[in-house]
Every structure is written in structure tokens, then in C-alpha cells.
Amino acid sequence: MIKYFRSGNPLTVLLLLIYTLVIKFYYLLHPATYVADGSGGVLYDLMVKWLHGFVGDSPFFYTSIAVMIMFLQSLLFTRIINHHRLFPKPTYLPAMCFLLFTSMLQSWNTFSPALFVNLIMLWVFASITELYTRTSARDVVFNIGFALGVCGLFYFPSIIFCLLLLVSMLIMRAFRLAEWIIAIMGLICPLYLTGTYLFLTNQIALLRRIPNIGFSLPLITDYKVWGAMIACVLFFVIGWLLLQRPLKKMLIQGRKIWAALIIFVLVAMLVPFFNTHFSPAYWVLAVLPVAMFAGNVFWSVTNETFANVIHFITLAYVIVMQYFS
């Protein structure tokens, strides 16, 4: 099966859709409604309220939307990867890994603010890859900062991703103070505009909810969460180690993009700790960049039999956690 996802054939999209329905069938069979733990931002609450007016609390609707968004994210992710030739040939392996790894926890397949943050982060990542080739990047960094500000309106702790922007600017470009100031202005802009609108429309109660952030170091006792995190970290480390040799043969831009991806993983793993109520559901933000390194594991294993064994062991773990745990 791995050989089909290794290929960049456009028909692989159909196989990827079938794969999505198979590995996420359990969640469609046992759907859950949207996340309502109080950590969602103003835009997320407004969206849920708007959807609730049409479909009520239909679990199947919200889970179906979540699965569709994740499938769309996998395709957009693949497009960015293949456009910048981060692998020697076009491939759908990172998309397969993203869908596979997100199937390890039900909370990663629930309608939540993280889904929309991930969608925006795809655009942010695509924009970061352009920083190296731009003579002047003021417009790009402002747009990235603005996008991160919008992320904060869906899930405020995602503002921590500004660290990704600032470190990526150091990786991709020479230090220019003006660009850093413009990036911070872009970050503040959507928060300022939203705050102004809520103030002028006399919705002060919503205005107070925008800075919804805290810090906690919880004791995680759920073995499913531990299993999913161990699997993600293991594939991330192995993928990074296997990357060292081909990295030397890449163009400078490719090496810098991979370095930015490492920062993406590290920052995304920290974001959930800044929630007012810690939830492992928000670690799905880290699964997106981890899928790149997991895809590199399957790409680097040239023995198809061994690659298929690794895939089926991971797939078996997902099925066991879904149906028999």
C-alpha cells in the first residue's frame, strides 16, 4: 500500500479519500459534538452558534465536517510539500501520515478550534517557505502575523505560534528590525479590530473573553493519550534522524524549511499547556508538522515489505485503540 502513497499520481487522491473513510469510520459511527470546554475564542463561539441554528447538536454533522476538514488539510499540506520539493519526488506520504496519526485519539477528530487553527497554519507555513526568496518580505510577515492573530480569535493560546514566526524569520532571513515590528503589528491587528468592533457594538462581555490564556502542567493518566504522543514523538525523532543524510544534498531553501518545521513541532507541542483548561485535543496542532517527519520515515525505508509492516503495525494500533480498547 505504501508504494501507492509514495507516488505523486493525482489518482492517489481517490485512494486517500477511501483511506480516510476507512481509518475514521469508527468516529463517524460513534460521532461526537463540538468541543465546548470554554477554551474556544470569539470566532469559534460565533461559528458554533451559527451552525447550531441550522443543525442543532447533531454529532454526525460536526464529526463529518471535522473529517472533511482534515482530508482537505492533508491535500493542501501535500500541495505545499510537493511545490517546494521537500521530497525527491512528489508524494502523498505526509498526507497519509497526517490522517493516520490523527486517528489515534477521538478528540483529534472532533469539531474544535484546533481544526481551524490548523487550516490557517497551513497558509502560515506556506508563507514562511517564501521568506527566503523574497527581497522584501514586509507584506508577507504582516500577512503571517495577521493570520496568527486570527488564529488567536479561534483559540487564543495559538498566539504562541508567534514564536514560530520570529524564529523562522531568523532562519530564513537576515535580521531586519522593521520586518519584526511589522510582523508584531500584523499579529495585533485582528485582535484590535475585533476588540474595537465589540466595544462599539456594546458587546463588552465578549471583549473580556479574547485574552483567554493560562498555564498548567497536568498529570496525564489516559493511556490512549500516552500511546498517541509516544507514537508521534517516535516517528518525529526517527524521521529527523533519517533526514540528516539527504538534507546535505538539498538546496539551502529546502534545509531552512525543514529547520522551520522542527520549530513548528516544538512550539505546537507547547501550545496546549497555555490553555486555561488543559486538553490533549489541542496536540493535534503538532500532528500536522510531525506528519512530514513520519512521511520521511516511510520514504526513507526503501524496502517496501518493511515499510508496509511499519504501516500495518501503526494501522493495527489505531484500529485496536478505536474498536477494542
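Q: How many cavities of 30 Å³ or more does the structure hold?

A: Rolling a probe the size of a water molecule over the atoms shows where empty space is left. In this predicted model, two cavities of 30 Å³ or more are found. The largest cavity has a volume of about 50 Å³, and the second largest cavity holds about 40 Å³ of space.

Q: Which residues line the largest cavity, and which helices each supply at least two residues of that lining?

A: The lining of the largest cavity is made up of W108, M229, C232, V233, M269, W283, A286, V287 and V290. Two helices, α12 (223–247) and α14 (284–300), each supply at least two residues of this lining. By class, the lining of the largest cavity comprises nine nonpolar residues, with no polar and no charged ones.

Q: How do the residues lining the second largest cavity divide by class?

A: Its lining has four nonpolar, four polar and one charged residues. The residues concerned are G40, G41, V42, G152, L153, F156, R209, I210 and N212. The charged residue is R209, since Arg is counted in the charged class.

Q: What volume does the largest pocket have, and which residues lie nearest its centre?

A: The largest pocket contains about 370 Å³ of space. Its lining consists of 17 residues, and R85, L86, F87, P88 and M250 lie nearest the centre of the pocket. Helices α12, α13 and α14 each supply at least two of the lining residues. The lining of the largest pocket divides into nine nonpolar, six polar and two charged residues.

Q: Which helix gives the most to the lining of the second largest pocket?

A: Helix α7 gives the most, with five residues. Both α5 (59–83) and α7 (113–128) supply at least two residues each to this lining. The second largest pocket encloses about 220 Å³ of space. It is lined by L76, R79, I80, H83, H84, L119, L122, W123, A126, S127, T129 and E130, which divide into six nonpolar, four polar and two charged residues.

Q: How should aromatic pairs be read, and how many does the structure hold?

A: A pair of aromatic rings is described by the distance of the centres and the angle of the planes. The structure holds 26 aromatic pairs. In one of them, the ring centres of Y26 and Y323 are 4.9 Å apart and the planes stand at 70°, so the pair is edge-to-face. Because Y26 lies in helix α3 (residues 25–29) and Y323 in helix α15 (residues 304–324), this pair ties together parts that are 297 residues apart in sequence. Y26 counts as buried, at 18% relative accessibility, whereas Y323 is partly exposed, with a relative accessible area of 35%.

Q: Why is the pair of F161 and F264 edge-to-face, and where do these residues lie?

A: The planes of the F161 and F264 rings are at 85° and their centres are 5.7 Å apart, so the pair is edge-to-face; the cut-off for this class is an angle over 60 degrees. F161 lies in the loop between α8 (138–154) and α9 (162–172), and F264 lies in helix α13 (residues 252–270). The pair thereby links distant parts of the chain, 103 residues apart. Both F161 and F264 are buried.

Q: Which residues do ring pairs link into a cluster, and what sits over the ring of W299?

A: Y34, Y44, F61, Y62, F111, F116 and F154 are linked into a cluster by ring pairs. Over the ring of W299 sits the charged end of R6, 5.5 Å from the ring centre.

Q: How many disulfides are counted, and how far is the nearest cysteine sulfur from C97 and from C189?

A: A disulfide is a covalent bond between the sulfur atoms of two cysteines. The count here is zero disulfides, with a cut-off of 2.5 Å between the sulfur atoms. For C97, the nearest cysteine sulfur is that of C232, 10 Å away; C97 counts as buried, at 0% relative accessibility. For C189, the nearest cysteine sulfur belongs to C151 and is 15 Å away. C189 counts as partly exposed, at 23% relative accessibility. The cysteine C232 also appears among the residues lining the largest cavity.

Terms used:
Residues are numbered from 1 along each chain as its sequence is written. This is a predicted model: local features need pLDDT of at least 70, side-chain atom pairs count only at pLDDT 80 or more; totals for chains, interfaces and linings use all residues. Side-chain values use heavy atoms; hydrogens and water are left out. On a 1 Å grid over the protein atoms alone, a cavity is a set of points where a 1.4 Å probe fits but cannot get out, and a pocket is an open set with protein on both sides within 12 Å along at least five of seven lines; lining residues have an atom within 4 Å of a point. Grid points are joined across faces, edges and corners, and a volume is the space filled by probe spheres set on the points. Helices (H or I, at least four residues) and strands (E, at least two) are DSSP runs, numbered from the N terminus. Rings of Phe, Tyr and Trp (its six-membered ring) pair if their centres lie within 6.5 Å; planes under 30 degrees apart count as stacked, over 60 as edge-to-face and the rest as tilted. Buried means under 20% relative accessible area, exposed over 50%, partly exposed in between (1.4 Å probe, protein chains only). A charge sits over a ring if NZ of Lys or CZ of Arg is within 6 Å of the ring centre and within 35 degrees of the ring normal.
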